[in-house]
Amino acid sequence: VLLDNSWEHTKLTEIYNYGYRTPRFPADFSFLLQTDDRLPKLLEAHCSDISEEGLAAETDALLEVGTRVTLILTLSGNVNSIRIAGKVINRREGGYGFAFVFSSQNERNYICDYLESRRPTL
């Protein structure tokens, strides 16, 4: 999981190629995505899986790897939306991978609490 700009000093390939990856959970929710361009755009997106590190999503927008974005999420069980900074880390046909760039423990807790609610109980 990336915090603030610490990812600027870490190669993203290291995060995903050397076992730092956390479990992914299937997801099925829509969210808004705001580009951090000079002229920001607000885009619709659909999440297909999520982890503590980021999420995979489909959108009709054309985004380049490395693009900074803001993810506007309202996850199941929460009534309020949260804005979390992110970065496009990969692009595949029909979808993108976004890494979370948390600016606070509250943002990280929001995601972790959601994921904990998704874990199967025994």
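Here is a quick briefing on the fold, the largest pocket, the salt bridges and one strand residue, Leu-43. Keep in mind that this is a predicted model. The chain has two helices and seven strands, and 43% of its 122 residues are buried. Three salt bridges turn up in the structure, and the largest pocket holds about 240 Å³ of space.

**Overall layout**

- Reading from the N terminus, you get the order β-α-β-β-β-β-β-β-α.
- Take the contacts in the chain with a separation of 6 or more: 56% of them are between residues 24 or more positions apart.
- About 7500 Å² of the chain is exposed, and carbon and sulfur atoms supply 48% of that area.

**The largest pocket**

- The largest pocket comes in at about 240 Å³, and 21 residues line it.
- Closest to the pocket centre are Arg-24, Ala-56, Asn-90, Tyr-96 and Gly-97.
- Four elements give two or more residues each to the lining: β3 (42-50), β4 (54-58), β6 (82-92) and β7 (95-102).
- Strand β4 provides the largest share of the lining, with five residues.
- By class, the lining splits into seven nonpolar, seven polar and seven charged residues.

**Salt bridge Arg-24 to Asp-49**

- Arg-24, already met among the residues closest to the pocket centre, also forms a salt bridge with Asp-49, where the closest N and O atoms are 2.7 Å apart.
- Arg-24 sits in the loop between α1 (12-17) and β2 (25-35) while Asp-49 belongs to strand β3, so this pair ties together parts that are 25 residues apart in sequence.
- Are the two partners buried or exposed? Arg-24 is partly exposed, with a relative accessible area of 38%, whereas Asp-49 counts as buried at 17%.
- As for the chemistry, side chains of opposite charge can pair when their charged atoms come close.

**Salt bridge Glu-64 to Arg-91**

- Glu-64 and Arg-91 meet through their side chains in another salt bridge, at 3.7 Å from N to O.
- Here the loop between β4 and β5 (68-73) supplies Glu-64 and strand β6 supplies Arg-91, so the pair ties together parts that are 27 residues apart in sequence.
- Glu-64 counts as exposed, at 51% relative accessibility.
- Arg-91 counts as partly exposed, at 44%.

**Salt bridge Lys-41 to Asp-37**

- Lys-41 and Asp-37 also join their side chains in a salt bridge, with an N to O distance of 3.7 Å.
- Lys-41 is partly exposed at 46% relative accessibility, and Asp-37 is partly exposed too, with a relative accessible area of 36%.

**A look at Leu-43**

- Leu-43 is found in strand β3, one of the elements that give two or more residues to the pocket lining.
- With a relative accessible area of 18%, Leu-43 is buried, which means that it falls under the 20% cut-off.
- Which residues does Leu-43 contact, leaving aside neighbours within four places in sequence? The partners are Phe-31, Leu-32, Leu-33, Thr-35, Thr-59 and Ala-61.
- Leu-43 and Asp-60 are 17 residues apart in sequence, and their C-alpha atoms are 8.3 Å apart in space.

Notes: Residues are numbered from 1 along each chain as its sequence is written. This is a predicted model: local features need pLDDT of at least 70, side-chain atom pairs count only at pLDDT 80 or more; totals for chains, interfaces and linings use all residues. Side-chain values use heavy atoms; hydrogens and water are left out. On a 1 Å grid over the protein atoms alone, a cavity is a set of points where a 1.4 Å probe fits but cannot get out, and a pocket is an open set with protein on both sides within 12 Å along at least five of seven lines; lining residues have an atom within 4 Å of a point. Grid points are joined across faces, edges and corners, and a volume is the space filled by probe spheres set on the points. Ala, Val, Leu, Ile, Met, Phe, Trp, Tyr, Cys and Pro count as nonpolar, Asp, Glu, Lys and Arg as charged, and the others, Gly among them, as polar. A salt bridge is a side-chain nitrogen of Lys or Arg within 4 Å of a carboxyl oxygen of Asp or Glu. Buried means under 20% relative accessible area, exposed over 50%, partly exposed in between (1.4 Å probe, protein chains only). Contact means heavy atoms within 4.5 Å. Accessible areas come from the Shrake-Rupley method with a 1.4 Å probe; for residues, only the protein chains shown count as cover.
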